[in-house]
Every structure is written in C-alpha cells, then in structure tokens.
Amino acid sequence: MPTTTVRDTGTHTGTHVGTHVGTVTPARLRRLLDGDEEVAVLDVRDPVARAAGHLVRSAPAPLHDLERRARGLVPRLGTVVVVASDPALDDQAAAILAGLGYERVHVLEGGLDAWRACGGRTYAGTHVLGTALGEWIRTTSVDAGAGVDDVRARARQTLEAAGVERVDAAGLARLVADPTRTTYVVDVRGPAEHAAGHVPGSLHVPGDRLVRAVEEHLAVRRAHVVIVDDADLLRSAATVARLRHLHDGPVHVHVHDGAAAPVPVPVPDVPVVDAVTGHEMAAMLRARVVSVVDLRSSAAYAAGHVGGSVHARREQLPSLLPGLSSPVVLVGDDDLVPDFIAAEADRLLGGRGDVHILEGGIDAFPGNLTTADPSYAGPVVDRAGPPPSGPEGDAWHRARAAWAAGLLAAVAAAGDPDLDFDAGALGQSTSIRGLQPVRP
C-alpha cells in the first residue's frame, strides 16, 4: 500500500496542564493511523463544518452531545483517542473525554490546518469512505448474475476468503469480555428479523447502512467486529465483501440463535443537575421570569417548540448565556440529554444555580408547541444532508452525484493510503456485486 508523506513541523508531544490529555503532531498521527495499535480519531465539530473538510478516517462525534455518544463510538477506555478538528473545540472535547475516564486522549496540535500544512489530506462531503468504495466497485467489478444457490455458496466462499471466523455464543462472550481490545457487535439484518429476536445490547445497523456510514459506527481502527446474521449468511457476506476495504480489524460472524448473553452497553454517569417540571416551567413562562434554551436538533425545534425559546448548540452557550435573564431552562428530548450541558452551563455562569433542565424533556411540557417565530442562536449547522424535496433538493443531489463521480480521481491524484482499495483483498473483486442487497 502506498504511503502519504506528512512532514513533521517540529511540534512536540506534551500534556495539557490540569488534565490527562496529550498532544500529537501530524506526523505522529500518520504513524498511529498506519500502525498496529487501536486508535480512534474523533472530529467534534458540527456536521456542516465537518462536511466542509475532514480527515477521512475520523469519526463524527459532535461536541454538542459528546458524553452520550463517546462510549458507543469508543467502548474501551484504554484505546488511543485523538481529537482532530478545530483547536477551539478540541481541547474542550479532550477534557470531557478525560473526565469520562479515557486514559490515552490526545489532541492534534494545530488541528486540521496543521495536518494539511504538513501534507495531509482532508475531504469535503459526507460518508466519503462508503461513497468512494461504491464508486470503486462500480468501476472495477461486474455482475456475475448468479442464482440463489450460487449466491449462498458464494456467501460462504466470501467469508472464508476474507478470513472471517464464525463464533458461537461462548466465543462471542469471550470477545466482548476481553479488556485488551475493542469489540463491536453489529446486527446487519433487516428490521423484521431484528425485531423477531436479537443479541441484547448489540448495535442494529443494516449492512447497507453500515457500509455507507462506517465511520459513524466503527470509530476504532483495528477493532474486532462481530457481524450478527441468520444462518444463510447472505447479509454478513455482502457486508464483509465491502467492509474489508473499509475496516482493518478482525471480522467475525455470529449466527443468531438466541443463546448469546447480553452485550454490555457502557453508559457514562449522568451528573445531578437542577430540574424543573413541565408545569413549573409553564408557570415561569406565564410570569415571564425564565429563559428557555432548546438544545434539540434544529429539525425538531422547527417542527414544534416552546414559544419564546431560542435554539442553540453547546458551543454557542458561552456567548449566549450571559445575555439571558435568569433562571435558564435547557430543553432536550430522547435524542439529546441536556444534563451534561447543564452542568457545564452552570459553571459558565459561576455556579449561581440559575441553570435547570426540563425534567422529562420536551414531551413533559404541558402547553402547546408552536412553529411560529423561531429564534436561533446562530446558523443552522446540524443539517449536512439534502434539503427537502424541490428545486434545492434536486440541485443538491446533482451536486452530490458529480462529487461522487470525481472522488476517485481526487483520491488517485493524492495517492491517499486511507482510500487505497485493494482489488485482491478478497481474492476476486468481481464477486462483490453478486452478493446483493447491500449497496453503498
């Protein structure tokens, strides 16, 4: 595999005062990416900023809800974690990760600007890995047109060629219990099969989605991955045929038979913060003695919010909070738990006890929600996908198709080892298309 030379600018490896956070140079990060040790690279910017240019092997982990997502992305606290995005956010994110118990947290010195200055490559867009692989397959493979029996045989051959080991319930338990390595357990079957029975605690990501957005689910390079499938192995083979180009750790297959023990789901300790009930907040609103900050997604806020509330993201609170009247109530939902942000916001205000959360989230508010007069603390930055249907959506999809078509040429020109797909990785690349239905 070719290598990309990243020039060392002479930056050093050190420690941030008061935290257990180190720093790495761009050259050191390149060596970590090319080495044999587990490493996770996290980009903590908002989705729009990430889509403007990011390390292709980084995982999106927005600062906005980092505590909730961190242990799913990086389950093992001993994994090397490098935060590599915007220095203004990276230090804060690294301190949060250290506070969660991660033992080997580092910040990329100078962020992505330093990476690019040293010859490193970044890519605009979303799901770059899966998109590039899809384009590569489209230009290098052919459809063999096999029948059902041939496809099943090919599925077994594909798993064997990829060196995939089948593990039973006991083997799965041993992998999950090993404290020296990360093991992801991913059920790639469809919703109906998953609903009928699955390994408790496993991550349900249908194979096509796992391949398309691999960086969102398998953040740790060289981690073990256990694919959960039915006995025909069709979905696991179709997934593995592509995943072997995207993930460099060992892959196993477990046939679900109901015997596997639950997979532990690590969750952080949630801080204890002041809370108000929905009726208490409604009374405050009637008396006009409260400021309401909605931390949910911008789409959820636009679909219905508390009248007079302002939508904000975590990184906007240092400039927003001092201008608000007290007390302040932070609103979340099932997707955004505001407790961690509330504890941080209380510190920003000097610990005066003026920051609360709405207990039970937006569903606990007894009044009517409104779509009128939305107020945003800054630009909407959590929507990097296509606009709603219409001319703008059509234009977005045309631009996306043009970007995808030119991606391989850009990769070839850069000689980027992170997107160098090996046609011989599975013996015969021409077998990939015959293992439908996975389509990146």
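The following paragraphs describe two sheets, one helix and the internal cavities of a predicted model.

Strands of a sheet pair through backbone hydrogen bonds, and this pairing may be parallel or antiparallel. One open sheet in this structure consists of five strands with parallel pairing, arranged in the order β6-β11-β10-β7-β8. Its edges are occupied by β6 (165-166) and β8 (203-204); each has a single partner strand, so one side of each is left without a neighbour in the sheet. Further inside the order, strand β7 (residues 183-187) runs parallel to strand β10 (residues 224-229), and five bridges join the two. Within this pair, Tyr-184 stands opposite Val-225 of β10.

Another open sheet is formed by five strands in the order β12-β16-β15-β13-β14, and here too the pairing is parallel. The strands at its edges, β12 (275-276) and β14 (310-311), each pair on one side only. The edge strand β14 is joined to β13 (residues 291-294) by two bridges in the parallel sense, and Val-310 in β14 is the bridge partner of Val-293. A helix also belongs to this part of the picture: α15 (residues 339-348) lies across β15 (328-331) and β16 (355-358), and it runs at about 165 degrees to β16.

Attention may now turn to the empty space within the model. Rolling a probe the size of a water molecule over the atoms shows where such space is left. There are three cavities of 30 Å³ or more, and the largest cavity has a volume of about 140 Å³. It is lined by 13 residues, of which Arg-57, Leu-129, Leu-218, Arg-221 and Leu-246 are the closest to its centre. By class, this lining comprises seven nonpolar, two polar and four charged residues.

How values were computed:
Residues numbered from 1 in each chain as written. Predicted model: local features only at pLDDT ≥ 70, side-chain atom pairs only at ≥ 80, totals over all residues. Heavy atoms only, no water. Pairing = 2+ DSSP bridges. Helix = DSSP H or I, 4+ residues; strand = E, 2+ residues; numbered from the N terminus. Contact = heavy atoms within 4.5 Å. Axes fitted to C-alpha atoms, helices over the stretch in contact; angles between N-to-C directions. 1 Å grid on protein atoms, 1.4 Å probe; cavity = no way out; pocket = protein on both sides within 12 Å on 5 of 7 lines; lining within 4 Å. Points joined across faces, edges and corners; volume = space filled by probe spheres on them. Nonpolar A, V, L, I, M, F, W, Y, C, P; charged D, E, K, R; others polar.
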